[in-house]
Amino acid sequence: MQKRPFLKALLAGALVASAGFAGLAQADVLANAQKTGTLRVAVPQDFPPFGTVGPDMKPRGYDIDVANLIGRELGLKVELIPVSSTNRIPYLTTGKADLVISSLGKNPDREKVIDFSIAYAPFFNGIFGPTDIAIKGAADTAGKIVGVTRGSVEDLEFTKVAPPTATIKRFEDNNATISAYLSGQVQLIATGNVVAAAVNERTKIRRLDTKFLIKNSPCYVGVNKGEAALLAKVNEVVGKLKKSGELNQVSQRWLQAPLPADL
Amino acid sequence: MAYAFDFSSVLEYREALVDGTLKTLGLTAIGAVFGLAIGILGAVSRAWKLAPFDRIFAVYVELIRNTPFLVQLFFIFFGLPSLGVQINEWQAAILAMVINLGAYSTEIIRAGIEATPKGQIEAAQSLAMTRAQLFRHVVLPPALLKVWPSLCSQVVIVMLGSSVCSQIAAEELTFAANFIQSRNFRAFETYFVVTGMYFLLALAVRQVMIQAGQRLIARRAK
């Protein structure tokens, strides 16, 4: 009996607190950002080429460029918040960041927690090869020698769709697979577009062009649930950047390849 | 024991294991024949100081015996195509094994040749034998017979060493093991089976080598 007032106070406190949280979650992030003049964007700092720390100790990469472009379009100053792949969504949901531009892929579990914009960057596993071999799909790899890293996602996925006459050479690690391609031991390789970009950036021995996609998981901008105004604005800006060719320039700069037409 | 063994997940891939075994044996057989042939040529060149071959073989032996087999393999597989010599993984594997065994057997057989008693050579010379006849009938058979146990061991070592050819995607027995455990995630069982297979293979190869020695050399050496 004596405890009841205390319990009431506790309950009231909890109510106030939850109301406060609800208020925070429903606040118009776009309006807030426009009021303060800054847009807080969570970006990666340990995931090249999407986000790394440059020699000047400032973050740089695909995601940082996109963050700055979105800030420019919205007329806001961008405040970059370095995050890791595990805390990028909590930063958004607890209101420490307005947007997550951190090579974030979409999946049903994440869609329950946050909303996603339209895709802004390609992220996929595919078949790569020299410009002069015409390959449109898995059927065209018949009779070809394809290098792949044993046990990787692209190994398992490509093995399912490869025609019986395609020879799959499985190597121990990514480096051996790439060396096999660069030295001409295999005609094509299955790998990720980020890996292919890194190879194209570092060596000009033999170029890796995208032939077709095996597994596609592009990157999206993450916004909190219930931020319809912000999401609409971000979609509008990303769409505009795609049309103007500026996003394509970002892709050329960091991924050494144009944006896929269907992104 | 807390670990639950599941060998059925390995047996599902028995075709890959059988195929890998045959390829390992094939590599070993070709490597042994040509490697020992190089060894005989190298040994006589060095033991009898046949210029300029003795120098060439000396450099070759030092180069191969003082570098790792895996590095030699990578040099051939990744290096030669860059120089414009197209070579597939099997050619690279065979070449590496022949070159490797050639260097080691040169030194083993040389020891046998140098151990030939002087009297035997003088006896052959007094019979007006040519140098080639002398080598073929008097020197080589007893020399090989003396070092045959070492050569058997060296061939077994090369057979076991062929496992590193899996690194250049040559689909021999170790490649089969790596492939299987990347699909069934049963590394312990897979390597358990493959270790046993290598053990049996090594015993078998040694027996074949000993029998070959008896048939081909022991008879002529008497």
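This is a short viewer tour of a predicted model, going from a sheet in chain A to the contact between chains A and B.

**Stop 1: the sheet.** Select β4, β1, β5, β12 and β6 of chain A, in that order. These five strands form an open sheet with mixed pairing. Now find the edges. They are β4 (77-83) and β6 (114-121) of chain A, each pairing on one side only. Look along the sheet for its twist: neighbouring strands are turned by 30° against each other on average, with direction ignored.

**Stop 2: one strand pair.** Zoom to residues 99-105 and 219-224 of chain A. These are β5 and β12, which run antiparallel and are joined by three bridges. Strands of a sheet pair through backbone hydrogen bonds, so display the backbone here. Which residue of β12(A) is the bridge partner of A:Gly105? Pick A:Cys219.

**Stop 3: the helix across the sheet.** Add residues 62-74 of chain A. This is helix α3, and it lies across β1 (38-44), β4, β5 and β6 of chain A. Compare the direction of α3(A) with that of β1(A): the helix runs at about 165° to the strand.

**Stop 4: where the chains touch.** Show chains A and B together. Nine residues of chain B are in contact with eleven residues of chain A. On the chain B side, select α4 (69-82) and α8 (173-184), the elements that give two or more residues to the contact with chain A. Which of them gives the most? α4(B), with four residues. Finally, colour this side of chain B by residue class. Five of its residues are nonpolar, four are polar and none is charged.

Notes
Residues are numbered from 1 along each chain as its sequence is written. Chains are lettered from A and ligands numbered from 1 in the order in which they are written. This is a predicted model: local features need pLDDT of at least 70, side-chain atom pairs count only at pLDDT 80 or more; totals for chains, interfaces and linings use all residues. Two residues are in contact if their C-beta atoms, placed from the backbone, lie within 7 Å. Ala, Val, Leu, Ile, Met, Phe, Trp, Tyr, Cys and Pro count as nonpolar, Asp, Glu, Lys and Arg as charged, and the others, Gly among them, as polar. Two strands pair if DSSP finds at least two bridges between them. Axes are lines fitted to C-alpha atoms, for helices over the stretch in contact, and angles run from 0 to 180 degrees between N-to-C directions.
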